[in-house]
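Grab a coffee and open the viewer. Below are some exercises, each with a worked solution to follow step by step.

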Amino acid sequence: MSQSIFLDTINGIKRERPPVWFMRQAGRVLPSYMKLREKYGFKEMMENPELAAQVTLLPIHDLGVDAAILFSDILVIPEALGMELSFEGKGPSFATALKDVADPLSFLSGKPEKLEHIYKAIDRILETKPNEIPLIGFCGGPLTTLCYMYQGFSRNQNFPDFVPAIYRDKALMKKVVAKITEMSILYALKQVEHGVKAFQLFETHAGLIPVELYKEVFLPSVKAVLGAVREKGVKTIYLPKGLGTGINMVNYDLCDCVSVDWQMPLHEVRGIVGEEMILQGNFDPRILEATPQAIDQEFEYFLNYGRKDHKWIFNLGHGLLPSIPVENVEYLVKKVKESDWGR
């Protein structure tokens with residue numbers, strides 16, 4: 001057994017309880033993070049290795065979770081492909097979206113040096129983190145990354161211009177995906193080189209298009225990125241949010257661990273993906289906006305599930321929401337750590 005309950009579990013080793021960490025744990029609900037945000041902009045924090053390292057480790061100290069995830073953003077890949085990104089105002093936006101460009105392929109250019117600050121942040125995190133806490137690296141899934149690159153930003157998360165564009169010129173989209181994939185592999189391998197112990201691919205908008213289209217245009221890219229990381233001996237996690245029945249395409253050839261959204265119960269997913277796969281998830285983050293009693297009630301299912309299945313990491317169906325009271329998150333971590341898992 002290693003010191004890390006997270007690394008043991010993702011390696012299939014049975015521990016006394018499941019490990020717990022949360023997507024979007026670094027920020028949003030933490031008072032310590034909001035205090036830093038009074039002084040610094042989001043992009044400034046991300047690009048300053050010292051600050052990025054500090055924010056990455058806040059949830060370790062404030063919430064007591066079992067793993068840290070790099071404080072960064074999925075949109076660093078478009079930046080490294082030459083797109084101009086700003087986080088001013090209501091959130092991120094590109095100076096020019098791909099939908100407004102005559103030739104997207106010649107518009108995109110490789111600028112991998114734009115990612116250097118992230119590797120410096122990883123070095124700093126590893127210098128300052130507790131020994132038993134592993135660092136998880138990540139990048140955006142190819143579909144999700146391309147959604148934002150193509151559409152730019154709008155309040156409409158259905159990306160109304162993007163989906164017709166895939167149907168209009170699938171060959172072009174596949175070429176753009178190839179560019180995203182190449183840069184994502186470079187980025188993922190650099191994270192591994194600098195010392196991340198697991199790597200998660202966030203495909204937040206997997207449910208945006210039909211499963212068969214996803215399988216044709218985007219799944220080969222997922223396999224390429226995660227495969228490159230696995231070849232280095234680092235465990236991979238894939239979050240295909242909204243993929244629905246497409247979960248039957250997710251097997252041990254693709255990744256070591258599948259992170260499950262809240263739409264499907266864990267026991268059903270286990271039946272589909274088989275016994276080898278590690279599962280992660282899938283507590284609905286919106287429950288954390290309710291009461292401790294509601295949390296207790298929902299937790300029962302997970303407690304019963306975790307008593308039977310030790311190849312499972314406790315996490316959410318998606319990220320923490322800014323509206324969640326921090327004490328409810330602390331309460332949930334305590335429940336995971338103090339419950340009797342019968343192991």
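The expected span of a helix is 1.5 Å times one less than its number of residues. Keep in mind that this is a predicted model.

**Exercise 1. Check the span of helix H12 (residues 219-230) and find what covers its buried side chains.**

Solution. Start with the length: H12 has twelve residues, so at 1.5 Å a residue the helix should span 16 Å. Now compare that with the model, where the end C-alpha atoms are 16 Å apart, in agreement.

Next, pick out the buried positions. In H12 these are Leu219, Ser221, Val222, Val225, Leu226, Ala228 and Val229. Finally, look at what lies over them: the cover includes H8, H10, strand S5 (198-203), helix H11 (211-217) and strand S6 (235-240).

**Exercise 2. Do the length check for helix H7 (residues 116-128), then work out how H7 packs on H10.**

Solution. H7 has 13 residues, and the expected span at 1.5 Å a residue is 18 Å. From first C-alpha to last, H7 reaches 19 Å, which is close to that.

On to burial: His117, Ile118, Tyr119, Ala121, Ile122 and Ile125 of H7 are buried. Helix H3 (42-47), helix H4 (49-63), helix H5 (76-80), strand S4 (135-140) and helix H10 (170-194) are among the elements covering them.

Now the packing. Two packed helices are described by the angle between their axes and the distance between the axes. For H7 and H10, the angle is about 25° and the axes are 9 Å apart. An angle under 35 degrees counts as roughly parallel, so H7 is roughly parallel to H10. The crossing of the pair is right-handed.

To see who does the touching, display both sides. H7 brings Ile118, Tyr119, Ile122, Asp123 and Leu126, and these meet Leu186, Tyr187, Lys190, Gln191 and His194 of H10.

**Exercise 3. Is H8 roughly parallel or roughly perpendicular to H10?**

Solution. Take the numbers: the axes of H8 and H10 come within 10 Å and cross at roughly 110°. Angles of 65 to 115 degrees count as roughly perpendicular, so H8 is roughly perpendicular to H10. On the H8 side, the contact is made by Pro142, Thr145, Leu146, Met149 and Tyr150, and on the H10 side by Met173, Val176, Val177 and Ile180. This crossing is right-handed.

**Exercise 4. How many disulfides does a search of the whole structure find, and why is Cys139 not bonded to Cys255?**

Solution. A disulfide is a covalent bond between the sulfur atoms of two cysteines. The cut-off to apply is a pair of cysteine sulfur atoms within 2.5 Å. The search comes back with zero disulfides.

Check Cys139 by itself: the closest cysteine sulfur, in Cys255, is 14 Å away, so the pair is too far apart for a bond. Then turn to Cys255, whose nearest cysteine sulfur is that of Cys257, at 7.1 Å, and Cys255 is in no disulfide. As for exposure, Cys139 is buried at 1% relative accessibility, and Cys255 is buried at 0%.

**Exercise 5. Look at the backbone of Arg24, Phe159 and the peptide bond from Gly281 to Asn282. What stands out?**

Solution. First, some background: most residues other than glycine have a negative phi, and most peptide bonds are trans.

- Arg24 isn't a glycine, yet has a positive phi of about 60°. Arg24 sits in the loop between helix H1 (5-10) and helix H2 (31-39) and is partly exposed, at 40% relative accessibility.
- Phe159 also has a positive phi, near 50°. You'll find Phe159 in the loop between helix H8 (142-151) and helix H9 (162-168), and Phe159 is buried, with a relative accessible area of 2%.
- The peptide bond from Gly281 to Asn282 is cis, with omega near -15°. Asn282 belongs to strand S8 (residues 278-283).

**Exercise 6. Which residues touch Glu79, not counting those up to four places away in sequence?**

Solution. Find Glu79 in helix H5. Check its exposure: Glu79 is buried, with a relative accessible area of 6%. Then list its partners with sequence neighbours up to four places away left out: Lys43, Glu47, Leu85 and Lys114.

Key:
Residues numbered from 1 in each chain as written. Predicted model: local features only at pLDDT ≥ 70, side-chain atom pairs only at ≥ 80, totals over all residues. Heavy atoms only, no water. Buried < 20%, exposed > 50% of the residue type's maximum accessible area, 1.4 Å probe, protein only. Helix = DSSP H or I, 4+ residues; strand = E, 2+ residues; numbered from the N terminus. Contact = heavy atoms within 4.5 Å. Axes fitted to C-alpha atoms, helices over the stretch in contact; angles between N-to-C directions. Parallel < 35°, antiparallel > 145°, perpendicular 65-115°, else oblique. Left-handed = near helix turned anticlockwise from the far one by under 90°.
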